[in-house]
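Please open the structure in your viewer and set it so that you can select residues by number and show their side chains. The tour goes from one selection to the next, and at each stop it says what to look for.

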Amino acid sequence: PRHMDSVLDILDALESPARGGSPGTAAALGRGLGVCSTPGCRAVLGEPLGTPERPPALTPGQWQFLTELLRHDPATPELGAVLAPDGSTVALGPLLAGIEAGLRSGGFGPPLPTLDPPADPLLAVTIAEALGTSFLLAQGGDNNATTLGPSGCWDDVENPQNYTLRGPPSPVPDPVAIGAMDGVIVGTQLARGPLPVAELLRGYYGVGNGSEAGRAPSSYRRRDFGALAGQGRLEKEVAAVLGVLRTLSPSPELLRDIGTREVAAVARRAAQEFSERYVECPAIVPRCQWGARPYRGTPAPLQPPLGSVFLHHTLEPARPCRTFSACARAMRDMQRFHQDTRGWDDIGY
């Protein structure tokens with residue numbers, strides 16, 4: 001299944017010293033497979049050494065699974081994503097780039113270059129370049145172009161195999177945004193001292209479907225990312241990485257006729273909209289993600305502005321749900337009761 005647990009099993013094998021592994025093995029493989037394919041990321045982490053071969057620690061099946069997830073294709077970003085135990089969908093590209101930047105900041109591996117103009121390498125390879133590129137594309141073309149999102153849905157949340165975006169992808173669809181936030185949070189931890197990456201990620205995402213004792217730390221990624229990279233800092237880093245891109249040869253076409261003021265305006269808008277959507281707002285779980293049945297009739301959408309809004313309690317289970325799997329199951333139970341027993345078109349609220 002395309003679940004984070006499957007990836008962590010592979011990381012365990014890659015990091016095993018008995019099999020010649022180390023904490024940076026997965027990140028290096030990712031870069032060789034195309035995870036770090038953009039000009040800014042390569043300026044920070046360097047050029048890949050070449051197409052890697054299957055490490056002896058991995059079975060052919062594991063290697064095929066990993067290469068399918070890590071081969072970068074901007075046209076199909078959903079192919080590089082996995083379902084995490086907290087119910088979020090995480091793109092592995094920005095996560096692994098953040099892991100490598102964090103390890104190297106912490107002294108594990110070759111030192112990171114000093115960027116000119118000064119830019120934070122961790123934010124550059126995870127979110128700043130992607131954000132700046134997305135908003136530059138929108139400014140240079142169709143003003144109605146999508147700059148962030150969309151979200152998507154899995155075919156089966158218990159055994160995820162296929163993920164489908166719910167609209168035309170931007171350079172920063174939801175899985176990329178989530179993977180980038182996780183890359184910043186995990187990379188920051190690794191910069192304080194190299195840890196076994198698989199062990200760190202198991203603690204961050206939880207095991208299986210999470211811990212019944214409480215929510216996994218990944219459930220609080222929006223809060224934690226906001227503490228590390230608030231809107232002001234994010235704006236500064238987007239502007240800085242666009243400045244770095246301008247110094248590369250050849251300079252990206254997007255920046256050819258863009259002046260300093262326009263770069264500042266793009267960075268401001270990008271940081272504001274990203275912060276509003278992914279930091280200030282709570283994560284919304286779409287119906288398809290928790291396995292909702294179709295609405296029975298024809299729903300009549302409410303038209304804003306609304307005169308008033310009521311927040312209604314739901315079923316109070318004997319054991320509160322603390323995992324995505326358990327909460328999704330409780331939602332399906334409630335819908336089944338309202339449709340089959342009450343005879344309503346959907347959940348009554």
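Which backbone oxygen does the side chain of R222 reach? Before selecting anything, keep in mind that this is a predicted model. Now select R222 together with C281, and you will find that the side chain of R222 reaches the backbone oxygen of C281 at 2.7 Å.

**Stop 1: around R222**

R222 is found in helix 9, and with a relative accessibility of 18% it counts as buried, because the cut-off for that word is under 20%. If you leave aside the neighbours within four places in sequence and show what R222 is in contact with, you should see R277, Y278, V279, C281, P282 and A283. Then select I178, which is 44 residues away from R222 in sequence, although the two C-alpha atoms are 8.8 Å apart in space.

**Stop 2: helix 9 against helix 11**

Next, colour helix 9, residues 221-228, and helix 11, residues 260-280. Their axes come within 8 Å and cross at roughly 140 degrees, and the two helices are therefore oblique to each other. To see the residues that make this contact, select R222, F225 and G226 on helix 9, and F274, R277, Y278 and V279 on helix 11. Sorted by class, the contact of helix 9 with helix 11 has 4 nonpolar, 1 polar and 2 charged residues.

**Stop 3: R221 and S88**

Stay on helix 9 and move to R221, which lies in that helix. Is R221 buried or exposed? Its relative accessible area is 6%, so R221 is buried. Show the side chains of R221 and S88, and you will find a polar contact of 3.0 Å joining them. Not counting residues up to four places away in sequence, R221 touches D86, S88, V90, I178, M181, D182, I185, Y204 and Y205.

Now centre the view on S88, whose place is in the loop between strand 1 and strand 2. S88 counts as buried, at 10% relative accessibility. Besides the polar contact with the side chain of R221, a polar contact of 2.5 Å joins the side chains of S88 and D86. When the neighbours within four places in sequence are left aside, S88 is in contact with V82, L83, I178 and R221.

**Stop 4: I185, then helix 7 against helix 8**

Select I185, a residue found in helix 7 that is buried, with a relative accessible area of 8%. Not counting residues up to four places away in sequence, I185 touches Y204, R221, D224, F225 and L228. Add L122 to the selection as well: I185 and L122 are 63 residues apart in sequence, while their C-alpha atoms are 9.7 Å apart in space.

From here, widen the selection to helix 7, residues 174-191, and helix 8, residues 197-205, whose axes come within 11 Å and cross at roughly 130 degrees. That angle makes helix 7 oblique to helix 8, and the crossing of the two helices is right-handed. The contact is made by D182, I185, V186, Q189 and L190 of helix 7, and by V197, L200, L201, Y204 and Y205 of helix 8. By class, this contact has 8 nonpolar, 1 polar and 1 charged residues.

**Stop 5: P74**

Select P74, in the loop between helix 4 and strand 1. P74 is exposed, with a relative accessible area of 61%. Add A180 to the selection, and you will find that the C-alpha atoms of P74 and A180 are separated by 15 Å, while along the chain the two are 106 residues apart.

**Stop 6: two cis peptide bonds**

Most peptide bonds are trans. Which kind of peptide bond joins G149 and P150? Select the pair and look at the bond between them: the bond is cis, with omega about 5 degrees. P150 is found in the loop between helix 6 and strand 3. Finally, select P304 and P305, where the peptide bond from P304 to P305 is also cis, with omega near 0 degrees. The place of P305 is in the loop between helix 12 and helix 13.

Technical notes
Residues are numbered from 1 along each chain as its sequence is written. This is a predicted model: local features need pLDDT of at least 70, side-chain atom pairs count only at pLDDT 80 or more; totals for chains, interfaces and linings use all residues. Side-chain values use heavy atoms; hydrogens and water are left out. Axes are lines fitted to C-alpha atoms, for helices over the stretch in contact, and angles run from 0 to 180 degrees between N-to-C directions. Helices (H or I, at least four residues) and strands (E, at least two) are DSSP runs, numbered from the N terminus. Angles under 35 degrees count as roughly parallel, over 145 as roughly antiparallel, 65 to 115 as roughly perpendicular and the rest as oblique. A crossing is left-handed if the near helix is turned anticlockwise from the far one by less than a right angle, and right-handed if clockwise. Contact means heavy atoms within 4.5 Å. Ala, Val, Leu, Ile, Met, Phe, Trp, Tyr, Cys and Pro count as nonpolar, Asp, Glu, Lys and Arg as charged, and the others, Gly among them, as polar. Buried means under 20% relative accessible area, exposed over 50%, partly exposed in between (1.4 Å probe, protein chains only). A polar contact is a pair of N or O atoms within 3.5 Å; within protein, one must be able to donate a hydrogen and the other to accept it, and residues adjacent in sequence count only if both atoms are side-chain atoms.
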